[in-house]
Amino acid sequence: MIRVQNLVKTFGTFTAVNDVSFEVAEGEIFAFLGPNGAGKTTTIKMLTTLLKPTSGSIELDGLNPETKQNEVRRLFGIVFQDPSLDGDLTAEENMEIHGVLYHVPHKVRRHRTEELLKQFELWERRKDQVKKFSGGMKRRLEIARGFLHTPKILFLDEPTLGLDPQSRNQLWSHVKKVNEAEKVTVMLTTHYMDEADRVAHRVGVIDHGKLVAQGTPQQIKDQTKTESLEDAFLALTGSTIRDESAGSADQLRQFAKMWQGGKR
Amino acid sequence: MSAIYILWLRELKRYTRSRAQIVASLGQPMLYLLVLGFGLGPVFARAGNGNYFQFVAPGVISMSVLFSSIFSGLGLLWDRQFGFLKETLVAPVPRIQIMIGRTLGGCTVAIIQGLLVTAISVIAGFRPSNYLAIPIALCFMLLIALVFAAVGVAIGSGLQDMQGFQLIMNFLVMPIFFLSGAMFPLADQKLPLRIATGIDPLSYGIDGLRSALLGTSFYGQFTDFVVLIALAAILMVFGAWRFSKIEI
């Protein structure tokens with residue numbers, strides 16, 4: 001379903017993704033693991049038409065995201081790592097915009113919105129502006145929105161960041177459900193190795209833009225002669241802590257907080 | 001089509017929900033209108049140019065349309081930083097539709113804003129010479145809004161942070177406003193200023209609005225109309241092209 005060959009992305013002199021190749025079969029859950037700044041999000045952005053690769057090729061269901069943008073966008077759904085909600089609109093309106101943009105028929109949209117908002121315990125607050133939500137609630141809404149339409153491929157970029165264990169469980173059981181029932185191919189990134197171990201059929205470990213290992217969680221553990229995926233991960237990527245420079249987005253959020261008392 | 005509608009509606013909802021912002025954005029036009037309008041009145045009259053308040057009101061109305069529309073385009077910057085832009089960019093909708101929806105929303109807001117300032121001007125004593133020409137005045141407001149919403153999108157597509165925004169504000173938006181003849185008559189100016197005002201698109205918008213509301217014009221209503229239509233078309237295409245190139 002996803003085929004990536006010799007993918008490279010450079011920003012100036014910095015190589016974010018360096019000659020990465022992998023494949024994800026239809027109906028598979030693939031976890032993409034790596035320390036901060038390893039190139040996970042950049043790879044996902046290239047897969048989801050938000051960035052153009054410097055070189056290499058990508059195929060999603062046989063389509064190239066660079067040339068067949070709209071066809072490809074029809075195929076996938078994505079939950080982003082950082083917020084992508086409109087804070088001035090209510091939870092319900094955010095769902096509605098998503099439904100319209102993804103061509104979900106009106107009736108289905110109403111029905112699914114209710115179902116999903118109830119499932120993620122946001123139904124009571126559906127008429128509230130999103131900027132009044134807590135971080136966890138925003139996260140849940142974002143995930144609920146990602147499930148509003150049924151894509152062939154689902155990208156989840158650190159979906160559980162900042163979620164409590166209850167919501168995390170809810171999320172993964174939902175992911176497993178759509179994966180099994182509707183054969184949705186899932187590609188996810190996470191920093192929680194136990195989640196990857198539990199959910200993913202296969203994992204790929206990326207570090208400094210290079211794919212250093214891939215296989216089933218068991219294969220990775222065997223390969224590094226470790227007991228848990230977390231130990232395997234540390235064995236593969238070392239234990240130094242990575243610095244990520246604060247991007248302009250972070251700076252602007254700071255700025256906005258200063259001016260609006262963190263309303264958004 | 002429904003994508004355009006929902007994004008248009010979003011802009012409107014955002015506008016009507018930020019009441020504080022609506023009031024705040026009326027502050028500046030009111031200063032120009034009431035303080036400059038009445039303050040410079042005696043000098044203007046002594047120079048034999050008639051009623052300054054009548055003269056400046058269309059300029060201030062245009063100013064509020066200008067600011068409102070260019071900021072709607074630059075609003076891309078906020079959407080980029082707060083993430084909503086990504087949500088629309090990965091959706092299976094041609095980017096041109098997303099751009100059109102946003103832009104029409106921004107234009108609608110700009111026109112509402114322009115009408116609010118018109119209402120304030122009328123309350124303060126502004127009297128259009130011809131009430132039948134109000135549809136023509138609206139048409140010019142729309143053209144101003146379209147031109148500058150497109151400029152905003154074209155710039156906003158490439159803008160990454162707040163510093164850039166300040167730069168645009170000081171070196172583009174304010175010059176466009178001051179060089180437009182909003183505050184002073186275009187007639188009898190020295191050559192450098194005549195050239196500068198001549199290449200400022202807002203000059204034609206304000207001139208058109210004055211011709212509709214007051215019946216006086218420097219370039220001629222038809223010229224104003226043609227220049228603005230042509231500019232709007234070119235800038236829309238350019239803005240759409242820039243928007244289609246956005247990478248996050």
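**How the chains, sheet and helices are defined**

Tutor: The contact takes 31 residues from chain A and 25 residues from chain B. This is a predicted model, where local features need pLDDT of at least 70, side-chain atom pairs count only at pLDDT 80 or more, and totals for chains, interfaces and linings use all residues. Residues are numbered from 1 along each chain as its sequence is written, while chains are lettered from A and ligands numbered from 1 in the order in which they are written.

Student: What makes two residues count as in contact?

Tutor: Their C-beta atoms, placed from the backbone, lie within 7 Å.

Student: Which helix gives the largest share of the side of chain A that touches chain B?

Tutor: That is α10(A), with six residues. Helices here are DSSP runs of H or I with at least four residues, and strands are runs of E with at least two, numbered from the N terminus.

Student: Moving to the sheet of chain A, why are β5 and β9 at the edges?

Tutor: The open sheet has the order β5-β6-β7-β3-β8-β9 in chain A. Both β5 (76-79) and β9 (210-215) of chain A have a single partner strand, so one side of each is left without a neighbour in the sheet.

Student: How do you know that β3(A) and β7(A) pair?

Tutor: Pairing needs at least two bridges found by DSSP. Four bridges join β3 (residues 29-33) of chain A to β7 (residues 185-189) of chain A, so they pair, and they run parallel. Phe32(A) stands opposite Thr189(A) in β7(A).

Student: And in chain B, what is the handedness of the crossing of α1(B) and α6(B)?

Tutor: Right-handed: the near helix is turned clockwise from the far one by less than a right angle.
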